[in-house]
Every structure is written in structure tokens, then in C-alpha cells.
Amino acid sequence: GQWLDLDLLDFTTPDSALYPEHDSVLQWSIEAETMAFFNELLRHDLSVRNLIDSDFAMLNARLAQHYGVPGPDDLTIQKVALPADSVRGGVLTQASILKVTANGSNTSPVVRGVWVNDRIMGKASDPPPPGVPAIEPDIRGAKTVRQQLEMHRNSERCATCHAKIDPPGLALENFDVIGLWRDRYRVIVPEKANLKTIGRAGMEVPIKYTEGLPVDASDQLPDGRTFQDIRDFKTLLLANPDQIARTITSKLLTYASGAPVSFADRAQIERIVETTRDSDHGFRALIHAVVQSPLFHSK
């Protein structure tokens with residue numbers, strides 16, 4: 001919960017006009033999904049690769065409906081095999097993560113990019129230079145989110161950091177603030193212009209939004225590799241499983257010892273990564289290696 005910011009799940013309330021699909025059952029379900037997912041990894045010593053992409057998800061009927069995949073017919077969280085072409089799988093596309101990395105109205109590739117870099121890729125982002133304002137995307141105006149990000153990249157003071165931050169965030173841009181897939185952004189319309197209704201918890205709720213600008217989730221990593229969407233982005237991350245294991249090891253050591261990982265700890269972290277390589281960096285194997293390491297005993 002501390003690592004993934006799950007304690008922030010209730011920090012924002014999605015705008016009911018833009019996201020009428022959100023309700024208390026969904027709110028409970030998205031946290032339960034993430035907790036059950038990690039229990040599954042730990043119980044069966046599954047590879048940390050599954051954090052990036054997995055062929056299964058832990059779903060109930062509400063989540064399966066939310067994600068548009070076949071699933072259980074009740075509210076019990078169960079392991080569900082995902083369709084081969086599903087964008088789900090892993091933690092990046094779980095609604096809990098997509099919600100804590102957004103506010104109640106819109107998403108920001110900058111916020112999500114910083115989160116992915118730090119929590120998953122193990123590359124903490126530097127704070128913005130003094131006097132540089134935070135980006136406030138306005139998807140209703142003439143400028144797109146991408147155009148605003150490009151303005152930052154064109155600034156000498158911002159370019160270096162935004163070249164690292166923006167790509168992971170843009171890869172998630174097809175997901176809105178409650179984790180729904182979108183091809184276009186939603187835009188509020190006057191109440192009298194309600195277009196239709198949506199069924200929710202046995203009720204018909206008026207829809208007060210229409211489709212706006214299209215979403216473009218493509219970009220290029222700092223090393224030059226490109227991606228078109230979240231599927232491509234996951235593939236690029238999975239090309240370096242050692243880095244995923246390295247990040248998880250660092251997070252586990254920080255949690256277990258209460259002290260941040262320092263430069264001097266890198267050699268021992270590498271030994272842990274090497275030790276678990278034969279198990280494809282199984283989650284339980286990583287925890288065992290951490291507990292047996294000198295870092296755990298000396299910090």
C-alpha cells in the first residue's frame with residue numbers, strides 16, 4: 001500500500017458528470033484487486049514480470065464489467081484468465097493505480113510518468129527547476145495534452161527531465177481517471193444536452209459528457225525505442241526483467257529496514273538480483289533473498 005500509494009485511493013472523488021460509472025462497489029473492488037494480485041504473486045512465487053504484464057487478473061463481476069472482459073458473476077475476487085489481446089494484466093493498468101495517479105477530473109502524463117519511473121522502473125525524477133510552473137492540461141481547449149508537453153520538451157530547462165517523464169505517462173493515456181479504456185477524452189456538455197443514459201447499479205444515470213479530442217498514447221523512450229500504445233510499452237519494459245527485480249528489491253529493502261537504499265548498497269542489490277535470476281525473479285524468492293541479505297541484517 002505504501003509503495004503503490006493505495007492509501008490515496010479515497011483522496012479524490014471522480015467527477016460524477018464525467019465518470020458516472022464510478023460507485024462505492026467499484027471503489028472497494030479496485031483496491032481488493034491489487035491486494036489479491038500481490039497475494040497471488042507471493043503465494044505461487046510468480047515472476048516479477050507479472051507486475052508489468054500478466055495473462056491473468058484478479059476480478060469480480062464489477063471489475064470484469066468495468067474492464068470489458070469475461071469474469072465471475074458475483075463480487076468475490078477470483079483469478080481470471082485474460083484474453084490474449086487484453087490491455088489488462090500487471091499493475092500498470094489496474095484501476096487502483098490509474099486512479100491514484102490522476103485527479104477527479106482528468107489525467108496528467110507528467111504525474112503518471114513520475115509514478116511509473118519511481119515505483120516500477122526505479123528511476124526517481126528530479127523536481128522541476130525553480131520558477132517552472134506545473135503543467136495543467138486542458139483537454140477542452142485548443143491545445144492538446146501532447147502539445148503542452150511538447151512545449152516543456154522544447155524548453156531547455158525542462159527538456160531533459162520531460163524526455164524521461166512523459167513517455168511512461170503518455171503510454172497510460174488511453175486510461176481515464178477510473179481506469180476505463182478510452183479512445184477519446186470526455187468533455188462536459190450542458191445538462192440540457194444530455195445525449196443518453198447509462199445503467200449503473202440498477203439505475204439509469206444521465207450522461208453529461210460527449211467525446212472530445214482523440215487520445216494519442218505513442219511516444220519514444222530516452223534510448224530511442226518507440227511505442228504506439230500500452231501493449232508496446234509493456235513489451236519494452238519486459239525486455240529488461242533485471243531492472244524490474246532491482247526496483248522491487250530496493251522497495252522491499254526500504255520497507256523492511258525503514259532506511260532508503262544508498263549508492264553503497266548497489267553491489268548487494270545486484271547479488272540479490274543475480275541470486276533470483278534462475279527463478280525468473282520469483283516474488284517470494286526475492287523476499288527470501290532480501291531477508292537473508294547482509295543489508296537486511298545490518299540496517
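Okay, quick definition before I start: when I say buried, I mean a residue with under 20% relative accessible area. Hold on to that cut-off, and also keep in mind that this is a predicted model.

So, Ser293. Is Ser293 buried or exposed? Its relative accessible area is 5%, so Ser293 is buried. You'll find this serine in the loop between helix 10, residues 283-292, and helix 11, residues 294-298. And what does Ser293 touch, if we leave out its neighbours within four places in sequence? Leu253 and Ile272.

Let me step back for the overall picture. The protein has 11 helices and eight strands. There are 299 residues, and 49% of them count as buried. Then look at the contacts between residues at least 6 apart in sequence: 66% of those join residues at least 24 apart.

Now back to Leu253, because Leu253 is one of the buried residues of helix 8. Helix 8 runs over residues 241-257. At 1.5 Å a residue, those 17 residues should span 24 Å, and the end C-alpha atoms are indeed 24 Å apart, so the two agree. If you've got the structure up, the buried set in helix 8 also includes Pro241, Asp242, Gln243, Ile244 and Ala245. Further along, Thr247, Ile248, Thr249 and Ser250 are buried too.

What do those buried residues pack against? The list is helix 4, helix 7, helix 9, helix 10 and helix 11. Just past the end of helix 8 there's Gly258, with a positive phi of about 80°. On the other side, Asn240 sits in the loop between helix 7 and helix 8. Asn240 is partly exposed, at 37% relative accessibility. Its C-alpha is 9.4 Å from that of Arg49, and those two are 191 residues apart along the chain.

One of the partners I just listed is helix 4, residues 109-119. Eight of its 11 residues are buried, so helix 4 is largely enclosed by the rest of the structure. Trp115 is among the buried ones, as are Val110 and Val116. But you also find Arg112, Asn117 and Arg119 on that buried list.

Next, the loop between helix 9 and helix 10. Asp280 is in there, and His281 is as well. Neither is a glycine, yet Asp280 has a positive phi of about 60°, and His281 has a positive phi of about 55°. On accessibility, Asp280 comes out at 31%, so Asp280 counts as partly exposed. His281 is at 2%, so His281 counts as buried.

That loop leads us to helix 10, and how helix 10 meets helix 1. Helix 1 is residues 24-43, and the two helices pack at an angle of about 75° with their axes 6 Å apart. That angle makes helix 1 roughly perpendicular to helix 10. Which residues do the meeting? From helix 1, Phe38, Leu41, Leu42 and Arg43; from helix 10, Phe283, Arg284 and Ile287. Sorted by type, that contact has five nonpolar residues, no polar ones and two charged.

Last stop: the aromatics, where Phe38 shows up again. A search of the whole structure finds six aromatic pairs. In one of them, Trp3 and Phe38 have ring centres 5.7 Å apart and planes at 70°, so that pair is edge-to-face. Trp3 is in the segment before helix 1 and Phe38 is in helix 1, so to speak a link between distant parts of the chain, 35 residues apart. Phe38 is buried, with a relative accessible area of 15%. Phe37 and Phe38 pair up as well: their centres are 6.1 Å apart and their planes are at 90°, so this one is edge-to-face too. Phe37 is buried, just like Phe38.

And how does that tie together? Trp3, Phe37, Phe38, Phe56 and Phe283 form one aromatic cluster. Two of those names, Phe38 and Phe283, are ones you already heard in the contact between helix 1 and helix 10.

That's my tour. Happy to scroll around the model with anyone afterwards.

Key
Residues are numbered from 1 along each chain as its sequence is written. This is a predicted model: local features need pLDDT of at least 70, side-chain atom pairs count only at pLDDT 80 or more; totals for chains, interfaces and linings use all residues. Side-chain values use heavy atoms; hydrogens and water are left out. Helices (H or I, at least four residues) and strands (E, at least two) are DSSP runs, numbered from the N terminus. Buried means under 20% relative accessible area, exposed over 50%, partly exposed in between (1.4 Å probe, protein chains only). Contact means heavy atoms within 4.5 Å. The expected span of a helix is 1.5 Å times one less than its number of residues. Axes are lines fitted to C-alpha atoms, for helices over the stretch in contact, and angles run from 0 to 180 degrees between N-to-C directions. Angles under 35 degrees count as roughly parallel, over 145 as roughly antiparallel, 65 to 115 as roughly perpendicular and the rest as oblique. Ala, Val, Leu, Ile, Met, Phe, Trp, Tyr, Cys and Pro count as nonpolar, Asp, Glu, Lys and Arg as charged, and the others, Gly among them, as polar. Rings of Phe, Tyr and Trp (its six-membered ring) pair if their centres lie within 6.5 Å; planes under 30 degrees apart count as stacked, over 60 as edge-to-face and the rest as tilted.
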